[in-house]
Amino acid sequence: MTDLPRERLAADVVVFRVGDLGESAYVIEEGCVEVLTAAGRRIALLGEGALFGEVALLDRLQRTATVRTLTPTTLLCIERAHVEELRKRSDPVIQYLLNLLLERFRIAQGSAAGRRPPDAPLGKEAADIESAALRTLTLTRDLGHAVDVDQLELHYQPLCTCAARSLVGYEALVRWRHPTLGMIMPMEFIGLAERTGLIHRIGRWVLRRAIAEWRQLRQYCERRDGLHPFVSVNLSAAEVADPGLVPFVDACLAAHDVPPMELKIELTETAIIEDREKVAWVLEQLAGRGIMIALDDFGTGYAGLEYLKALPLSCLKIDKNFVQEMQTSLPSYEIVRAAVSLAWSLGLSTIAEGVEDERTLGRLNELGCDVVQGYLIARPLPLAAVPGWVAGRAAASSGV
Ligand code: C2E
Ligand code: CA
Ligand code: CA
């Protein structure tokens, strides 16, 4: 509230009149106002903390009353642009509900005043919000079921050494094959899963599946440059704050006879700062078994750097935004250079993600980056497509 613009008015000043356009709502911080009809009849007296003018602000119609200060008064102004901005940034379901309420309110007002037919169609923006919200509601409803009926699948994106381009591992990336909406990418449903708590079930499904499928993938990795082959799994904040994760991972590794150092856990800074003590304990346990811990999207967070020495990390993954701008933006290039050098001095390895062209790969190699991942090497592949990709690569390098 304190950031809202203020208007300080003397006594007997008109704030707005009947017929003005409603561009702001107001909260009385100090003083008092009277509300008058078009005929000048007082219908209300409002004091500190009262909100007025919100109806015209929301329905974009003209003011239906006049407001005048009775004493020197300070008003906090809530402007339309500010409200619209907040509305745009809110969850699509909230936008949808708000829009629906507003639309009903407008129709009720408009038809009462004979201004608008009750069946006036929604505008394009409202229709877009409605369809996004309906999609979100459908996905939220179906997500729990998706795990039970095996609609999730993992795609694997290969990672290669920067210098020799030897295949060293894969990142497991989850996809949801929805029966009617088609393939849904994680950016669209991981957030929903986090908000609904389903992330625990999804995360465990991903871990179990990635560890089970690792045996088939591992055979294609080349053991060179002293790097262990690995499969990487992304975990959300809530998962790494759950001590139950440790025995679960132990059981999955034992069931498939996978050495702990062949599993890598990727987590972001957000995950680290959310529940610091619990996360530190879980990571200590995992790292103590030899599991590698990578800090994902490095460079995009705000957590400071002290956790780099406090937590048992083994690797920094440099965010793709910096990698992709290396050629065109000196600051991005410098950030990548600093990240590689910081990792080196802390004894951590580096992975650059989002590498799409040869020049970027060449520059990363010059900087001493260890491993690269990106469309230049391969897109994420379904498990069944990996052998074909490996064969194609071998044929290309032998000139067949
Ligand atoms: P991330 O961990 O940063 O994963 C990398 C994302 O970048 C992947 O998108 C990948 O397909 C994409 N990518 C890889 N190479 C390139 C490239 O050269 N250019 C471009 N433009 N993009 C590239 P994807 O699969 O859509 O995953 C998005 C995010 O979803 C992941 O970002 C990760 O944060 C999250 N995610 C994926 N799988 C899981 C999971 O099993 N659990 C959790 N908690 N999160 C997951
Ligand atoms: Ca990742
Ligand atoms: Ca990343």
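## Exercises on rings, metal and ligand contacts

Ring pairs join Phe16, Tyr26 and Phe52 into a cluster. The structure is a predicted model, and the exercises below start from its aromatic rings.

**Exercise 1.** Determine which residue places its charged end over the ring of Phe16, and find the residue whose charged end sits over the ring of Tyr375.

*Solution.* Begin with Phe16, which belongs to the cluster with Tyr26 and Phe52; the charged end of Arg63 lies over its ring, 3.7 Å from the centre. Turn next to Tyr375, where the charged end of Arg379 sits over the ring at 3.8 Å from the centre.

**Exercise 2.** Count the aromatic pairs, then classify the pair formed by Tyr156 and Tyr170 and the pair formed by Trp176 and Phe189.

*Solution.* The count comes to 6 aromatic pairs. For Tyr156 and Tyr170 the ring centres are 6.4 Å apart and the planes stand at 80 degrees, so this pair is edge-to-face. Placing the two residues on the chain, one finds Tyr156 in strand 9 (residues 152-161) and Tyr170 in strand 10 (residues 167-178), so the pair ties together parts that are 14 residues apart in sequence. Tyr156 counts as buried at 0% relative accessibility, and Tyr170 counts as buried at 0% relative accessibility.

The next step takes Trp176 and Phe189, whose ring centres are 5.7 Å apart with planes at 80 degrees, so this pair is edge-to-face. Here Trp176 in strand 10 is linked with Phe189 in helix 5 (residues 186-196), the two being 13 residues apart. Trp176 has a relative accessible area of 0% and is buried, and Phe189 is buried with a relative accessible area of 0%.

**Exercise 3.** Identify the protein donors of the calcium ion (ligand 2), and state which residue coordinates both this ion and the calcium ion (ligand 3).

*Solution.* The protein donors of the calcium ion (ligand 2) are Glu171 (OE), Asn234 (OD1), Glu266 (OE) and Asp296 (OD), at 2.2 to 2.3 Å from the ion. Along the sequence, these donor residues follow the spacing E-x62-N-x31-E-x29-D. The calcium ion (ligand 2) and the calcium ion (ligand 3) lie 4.0 Å apart, and the residue that coordinates both is Asp296. Among the donors, Asn234 lies in strand 12 (residues 230-234) and Glu266 in strand 13 (residues 263-267), so this pair ties together parts that are 32 residues apart in sequence. As for exposure, Asn234 counts as partly exposed at 29% relative accessibility, whereas Glu266 counts as buried at 1%.

**Exercise 4.** Explain why Cys369 is not bonded to Cys162.

*Solution.* The sulfur of Cys369 has its closest cysteine sulfur in Cys162, at 4.7 Å; because a disulfide requires sulfur atoms within 2.5 Å, this is too far for a bond. In agreement with this, the count comes to 0 disulfides. Both cysteines are then checked for exposure: Cys162 is buried, with a relative accessible area of 2%, and Cys369 counts as buried at 4% relative accessibility.

**Exercise 5.** State how many residues surround ligand 1, and give the distances from its nitrogen atoms to the side chains of Gln157, Ser236 and Gln324.

*Solution.* Ligand 1 is surrounded by 25 residues, of which the closest are Gln157, Arg175, Ser236, Glu356 and Tyr375. A polar side-chain atom of Gln157 is 3.0 Å from a nitrogen atom of ligand 1, and a polar side-chain atom of Ser236 is 2.9 Å from a nitrogen atom of the ligand. For Gln324, an N or O atom of the side chain lies 3.3 Å from a nitrogen atom of ligand 1.

How values were computed. Residues numbered from 1 in each chain as written. Chains lettered and ligands numbered in written order. Predicted model: local features only at pLDDT ≥ 70, side-chain atom pairs only at ≥ 80, totals over all residues. Heavy atoms only, no water. Phe/Tyr/Trp six-rings, centres within 6.5 Å; stacked < 30°, edge-to-face > 60°. Helix = DSSP H or I, 4+ residues; strand = E, 2+ residues; numbered from the N terminus. Buried < 20%, exposed > 50% of the residue type's maximum accessible area, 1.4 Å probe, protein only. Lys NZ or Arg CZ within 6 Å of the ring centre and 35° of its normal. Donors = N, O, S within 2.8 Å, 3.2 Å for Na, K, Ca; no water. Near = heavy atom within 4 Å. Polar contact = N/O pair within 3.5 Å; in protein donor to acceptor, adjacent residues only side chain to side chain.
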